[in-house]
Amino acid sequence: MNEHRWKASPVVFLTALDLEYSAVVEQLTDIRRTPSVAGTRFEIGTLPGGAGDAVVALTSMGNHSSAVIAERAIREFAPAAVLFVGVAGRVKRSIELGDLVVATHVYAYHGAAARNDGIRSRPRVWDIDHGIEQAAHQIKRQYDRERGANPPANRPLVHFGPLASGEILHDRAESVALQWIRQHYEDALAIEMEAAGVAKAGQLNAAPLAVIRAVSDRADGTKSTTDGDDWQPRAVRNAAVFAVDLAVELAADARPRTPTEVSPAATPPETPVTRVETYGGSHGAVAGVVNGGVHNTSTRQGWS
């Protein structure tokens with residue numbers, strides 16, 4: 001993997017659908033393939049402005065496969081961050097089609113225990129990385145300013161809140177599964193099928209992680225209609241653009257600072273320089289042994 005301008009660790013983008021994958025790759029330049037890992041293929045590109053490297057991989061649908069592919073990406077590339085990017089169905093009616101949901105935390109909603117007096121939820125929850133969340137809020141504020149200064153600006157609304165992740169594609173007005181989510185995860189903004197697996201992989205590998213989803217349907221039985229109105233590709237692009245903006249911000253945060261950028265007082269004192277002079281022959285040093293005619297002098301300001 002090529003080192004980028006600021007650090008070797010790339011940002012990893014994971015998507016479940018080819019449409020999502022293509023939307024991310026369209027934001028990158030200099031796309032090249034890497035050797036596959038147990039059959040999983042990765043591509044590396046460059047973030048806008050040369051900010052850093054980006055690795056893109058397709059997980060396919062479902063939490064199980066997303067967890068496996070996320071683990072492979074983290075172990076192979078040791079990323080600065082993992083961003084899971086794609087679409088979701090809305091739960092809260094205040095969220096419009098095309099809006100973005102940045103997960104503050106992810107619920108795995110299928111955990112439960114069946115008792116004589118009913119089914120009891122056993123939730124699992126994973127939080128977004130704090131630093132990534134702060135950067136995402138900064139980009140949201142930028143989007144809000146751009147819409148305020150130029151109302152026609154094509155910037156989606158960004159919401160922060162929980163996502164509910166499970167193995168069900170919701171496309172019915174009020175299914176038993178959706179009732180379960182509303183009852184036990186009443187603050188969830190949207191629902192999808194992969195974030196819990198990615199979040200678990202991030203936790204086990206101590207990898208900073210975020211989930212960015214754009215709402216492409218209402219999870220109410222009208223998915224065929226909204227898909228026919230091209231809401232899925234529009235939502236996918238919103239998610240990809242925001243995620244790449246976020247990756248550029250994270251790359252900027254990761255850029256090593258010079259001592260004077262941190263604080264002029266933090267500049268370290270000049271280190272003594274050792275000069276080696278050879279008289280009449282060659283010299284070398286192995287395990288602390290110097291051979292040949294050698295004269296060493298140390299120089300520092302005021303020293304000779």
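The legends below describe close-up views of salt bridges in a predicted model. Residues are numbered from 1 along each chain as its sequence is written, and side-chain values use heavy atoms, with hydrogens and water left out. Local features need pLDDT of at least 70 and side-chain atom pairs count only at pLDDT 80 or more, whereas totals for chains, interfaces and linings use all residues.

**View 1. Asp 144 and Arg 147 form a salt bridge within helix H3.** The structure holds 12 salt bridges (a side-chain nitrogen of Lys or Arg within 4 Å of a carboxyl oxygen of Asp or Glu), and in this one N and O lie 2.4 Å apart. Asp 144 and Arg 147 are three residues apart in helix H3 (residues 130–149), a separation of about one helical turn; helices are DSSP runs of H or I with at least four residues, strands are runs of E with at least two, and both are numbered from the N terminus. Asp 144 is partly exposed at 28% relative accessibility, while Arg 147 is buried at 19% (buried means under 20% relative accessible area, exposed over 50%, partly exposed in between, with a 1.4 Å probe and protein chains only).

**View 2. Glu 194 and Arg 213 form a salt bridge.** The closest N and O atoms of Glu 194 and Arg 213 are 2.7 Å apart. This pair links distant parts of the chain, 19 residues apart, with Glu 194 in the loop between strand S11 (190–192) and helix H5 (195–204) and Arg 213 in strand S12 (residues 209–217). Glu 194 is buried, with a relative accessible area of 5%, and Arg 213 is likewise buried, at 1%.

**View 3. Asp 227 and Lys 223 form a salt bridge within helix H6.** The N to O distance is 3.3 Å, and the two residues stand four apart in helix H6 (residues 223–228), about one helical turn. Asp 227 is partly exposed at 27% relative accessibility, whereas Lys 223 is buried at 16%.
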